[in-house]
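Visitor: I would like a close look at a single part of this model, taken slowly, and then followed outward to whatever it leads to. Could you begin with one helix and go on from there?

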Amino acid sequence: MTMTYNYGPVELFLIGYQNDIDTHALDTLAEVTKTGVVTLLDLVILRKEADGTVVVTEVADRAAEFGFEPLAEDTVGLAGDEDIQDLAEDVPPGSSAVIVALEQTYMRDLAYKVHSGGGEVLRYERVPANVVNEVADLEATS
């Protein structure tokens, strides 16, 4: 069976903020997506009130308002209601978060070639930037 690869690997991020969301981070995300290195597939903003009530804003409906190109209709909702509720459990009351689904666009061709060559990813791990930088700083000072 021949598989088409319209998308590369996708990562789902939950980015929390103690209060309101930092708009500078959203601006930077919008700029990065314009480079084509990553593609924004879905973006949800949520606020957890002090009583635990979760208020969800689907950015796809208002992408331009947040500085993003319109999202592809076939990927909007990639972070579904069940995902949102599950991720919202990690958000403390009185704070905000952004759920971001990013395609690693630069990996699309590699994913296709690995698959068409009979390979499959057996394990995938991502090392967060803060960990990499902490290790690099330790190495630089030793």
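Guide: In this predicted model, the buried residues of helix α1 are Leu26, Leu29, Ala30 and Thr33. Around the helix axis these residues cover an arc of only 100°, so they sit on the same side of α1. The general geometry of a helix is in keeping with this, because an α-helix has 3.6 residues a turn and residues three or four places apart point the same way. On the face of α1 turned away from that buried side one finds the exposed residues His24 and Thr35. The helix itself runs over residues 23-35, which makes 13 residues, and from its first C-alpha to its last it reaches 19 Å, close to the 18 Å expected at 1.5 Å a residue.

Both ends of the helix have a detail to look at. At the start of α1, a side-chain oxygen of Asp22 comes to within 3.0 Å of the backbone nitrogen of His24, and His24 is one of the exposed residues on the outward face just described. After the other end comes Gly36, which has a positive phi, near 90°.

What do the buried residues of α1 pack against? Their partners are β2 (39-48) and β4 (95-103), and of these β2 is the strand to follow next. Strand β2 is mostly covered, with eight of its ten residues buried. It runs antiparallel to β4, to which nine bridges join it, and within this pairing Asp42 has Ala101 of β4 as its bridge partner. The strands β2 and β4, against which the helix packs, are thus also joined to each other.

Strand β2 has a further pairing, with β3 (residues 54-58), again in the antiparallel sense and over five bridges. Two of the positions can be picked out here: Leu46 has Val56 of β3 as its bridge partner, and Val44 is matched with Glu58 in β3. Five residues lie between the strands in the hairpin of β2 and β3, and in this hairpin Gly52 takes a positive phi near 95°. A positive phi therefore appears at two glycines in this account, at Gly36 following α1 and at Gly52 in the hairpin.

From Ala101, the partner of Asp42 in β4, the path leads on to strand β1, where Glu11 lies. Leaving out residues up to four places away in sequence, Glu11 touches Val100, Ala101, Leu102, Gln104, Tyr124 and Arg126. Glu11 is buried, because its relative accessible area is 12% and the limit for a buried residue is under 20%. Its side chain nevertheless has polar partners: a polar contact of 3.3 Å joins it to the side chain of Gln104, and another, of 2.6 Å, is made with the side chain of Arg126.

The pair of Glu11 and Arg126 also forms a salt bridge, the closest N and O atoms being 2.6 Å apart. Arg126 lies in the loop between α3 (108-116) and α4 (129-141), and Glu11 in strand β1 (residues 10-17), so the pair ties together parts that are 115 residues apart in sequence. The surroundings of the two residues are unlike in exposure, since Arg126 is partly exposed, at a relative accessible area of 46%, whereas Glu11 is buried at 12%.

In total the count comes to five salt bridges, and two others may be set beside this one. Within helix α3, Lys113 and Asp109 are four residues apart, and so are separated by about one helical turn; their salt bridge has its closest N and O atoms 3.0 Å apart, and Asp109 counts as partly exposed at 44% relative accessibility. The side chains of Arg123 and Glu125 meet in a salt bridge at 2.5 Å, N to O, and both of these residues are exposed.

Helix α3 also holds Val114, which is partly exposed, with a relative accessible area of 34%. Leaving aside neighbours within four places in sequence, Val114 is in contact with Gly119 and Glu120. Its C-alpha atom and that of Arg126, twelve residues apart along the chain, are separated by 19 Å.

Definitions and conventions. Residues are numbered from 1 along each chain as its sequence is written. This is a predicted model: local features need pLDDT of at least 70, side-chain atom pairs count only at pLDDT 80 or more; totals for chains, interfaces and linings use all residues. Side-chain values use heavy atoms; hydrogens and water are left out. A salt bridge is a side-chain nitrogen of Lys or Arg within 4 Å of a carboxyl oxygen of Asp or Glu. Buried means under 20% relative accessible area, exposed over 50%, partly exposed in between (1.4 Å probe, protein chains only). The expected span of a helix is 1.5 Å times one less than its number of residues. The arc is that of the directions from the helix axis to the C-beta atoms. Contact means heavy atoms within 4.5 Å. A polar contact is a pair of N or O atoms within 3.5 Å; within protein, one must be able to donate a hydrogen and the other to accept it, and residues adjacent in sequence count only if both atoms are side-chain atoms. Two strands pair if DSSP finds at least two bridges between them.
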